[in-house]
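User: I'm new to this structure and would like to understand the terms used for it. Could you take me through them?

Analyst: Happy to. Here it is, and then we can go through your questions.

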Amino acid sequence: MAFIELKDVSYTYIEGDEPPVTALKNINLSVEKGEMIAIIGPNGSGKSTLAKLFNGLFQPTEGSVSVGGLNTSDQDKIWDIRQQVGMVFQNPDNQLIATMVEEEVAFGPENLGLPSATIKARVDEALALVGLEEFRQAAPHHLSGGQKQRVAIAGIFAMRPDCIVFDEPTAMLDPMGRKEVMATIQKLRSEGKTIVYITHFMEEVVDCDRVIILKEGEKILEGTPLEVFQARELIKDADLELPEVPYLVYRLREAGLQLPDEILTPESLVEKLCLLN
C-alpha cells in the first residue's frame, strides 16, 4: 500500500443557500514514501482543496483518503495522521504565531510534549536546515517573505513528519524568496522526506519524480516531468505554459536540431548546442 492513497475522491463545497460547487471529481492518486510529486494547475483547478485532504483538514465528499494505512475520516486517528503529514501554506503570515523565530520553530515540538533538550536539538537542526541560525532571536515579522516561509518550513520540520505538503509556498514571494524556498525543499528531499508540492509555476516541477495536472477539479495528466512537458496540447488546454528551457528545446527541435530526449538545464542545453557545432 502507498504511504498516501486517494481513491475515487470528490469534494463539494456547500455553503448556506449557495449552489454546491464541486472542486474535485473522482481523483485517484498515490504517493510513495520518499517521493516528490508536484500537483499543478491554474487557479480554480482544485489544487488547494486537494492539499487540505492530505492530512484531514478536509474530508472528501466521496471516496477515501488514507495516510500510512489510516483513514482520514477516522477522527480517533486524525492526530496520528497530522503528525505524519505537515502543511506549509501559501501565506507564511497566516502560519506564524510567535514573537521570536526560535520560539516559532519550538512551538510544534512543545505541543508534542517533548523534553526540553529534545526540543532545543530539533530547533537547532531545523534552523540549520533552512539556513536561519543567525536569525533565531529575530522577530518573524521583520523577515523577508522568503525567510518567513523558511521559518514556517523549519517549524514543520521540527515536528518530524514523514511528509510535508506545500500549498503554493512561493506564490507570494519575489524571485529571490522563491529560490530560497525551493532550495530548502530540495534539502528536505535529500533528508528523505516525502514531498507533495502544489504550484502553478511549471518551472518549479522540473526536478520532481511525478507531475499531476489538474483542470476544473479533474486529473487530466500524470507522468514524469519529461512526459508531461511533451504533452504540449494538454498543457496549453490547462492554461499552463512550458518552462523556458523545455519550450526552447521544443522550438529548436522543430527547427531541425537533434537534441536528446531529456530534461535539460540552461547550462546543459548550451553544452549540447556547442557539441552540435
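Analyst: Let's start with a pair of helices: the crossing of H3 and H4 is right-handed. The contact is formed by Val101, Glu102, Val105, Ala106, Pro109 and Glu110 on the H3 side, and by Ile119, Val123, Ala126 and Leu127 on the H4 side. Sorted by class, these are 8 nonpolar, no polar and 2 charged residues. Please keep in mind that this is a predicted model.

User: How do you know how confident the prediction is?

Analyst: The average pLDDT of the protein is 92, and 100% of the residues score at least 70. Among the elements, strand E3 (residues 36-40) has the highest mean, 97, and helix H10 (residues 266-276) the lowest, 84.

User: Why are H3 and H4 called oblique to each other?

Analyst: Helix H3 (residues 101-111) and helix H4 (residues 116-130) pack at an angle of about 125°, with 9 Å between their axes. Roughly perpendicular covers 65 to 115 degrees and roughly antiparallel needs over 145. An angle of about 125° fits neither, so H3 and H4 are oblique.

User: Which residues of H3 are buried, and what covers them?

Analyst: Val101, Glu104, Val105, Ala106, Gly108 and Pro109 are the buried residues of H3. To be called buried, a residue must have under 20% relative accessible area. Their cover includes H4 and H5. Just after H3 comes glycine 113, with a positive phi of about 75°.

User: What makes the phi of arginine 160 worth pointing out?

Analyst: Most residues other than glycine have a negative phi. Arginine 160 is not a glycine, yet its phi is positive, about 60°. Arginine 160 sits in the loop between helix H5 (145-157) and strand E7 (163-167).

User: Where is glutamate 216, and what is its phi?

Analyst: Glutamate 216 is found in the loop between strand E9 (210-215) and strand E10 (218-223). Its phi is near 50°, again positive in a residue other than glycine.

User: Why is arginine 160 called partly exposed, and why is glutamate 216 called exposed?

Analyst: Exposed requires a relative accessible area over 50%, and buried requires under 20%. Arginine 160 has 38%, which lies in between, so arginine 160 is partly exposed. Glutamate 216 has 56%, which is over 50%, so glutamate 216 is exposed.

User: What makes alanine 255 exposed?

Analyst: The relative accessible area of alanine 255 is 64%, which is over the 50% cut-off, so alanine 255 counts as exposed. Its place is the loop between helix H9 (244-254) and H10. From alanine 255 to threonine 199 there are 56 residues in sequence and 31 Å in space, C-alpha to C-alpha.

User: How do you know that H9 and H10 are roughly parallel?

Analyst: H9 and H10 pack at an angle of about 20°, and their axes are 10 Å apart. Angles under 35 degrees count as roughly parallel, so H9 and H10 earn that name. Their crossing is left-handed. In this contact, H9 contributes Val245, Leu248, Val249 and Leu252, while H10 contributes Pro266, Leu269 and Leu273.

User: What classes do the residues of the contact of H9 with H10 divide into?

Analyst: There are 7 nonpolar residues, with no polar and no charged ones. Val, Leu and Pro are among the types that count as nonpolar.

Note on methods: Residues numbered from 1 in each chain as written. Predicted model: local features only at pLDDT ≥ 70, side-chain atom pairs only at ≥ 80, totals over all residues. Heavy atoms only, no water. Axes fitted to C-alpha atoms, helices over the stretch in contact; angles between N-to-C directions. Helix = DSSP H or I, 4+ residues; strand = E, 2+ residues; numbered from the N terminus. Left-handed = near helix turned anticlockwise from the far one by under 90°. Contact = heavy atoms within 4.5 Å. Buried < 20%, exposed > 50% of the residue type's maximum accessible area, 1.4 Å probe, protein only. pLDDT = per-residue confidence, 0-100.
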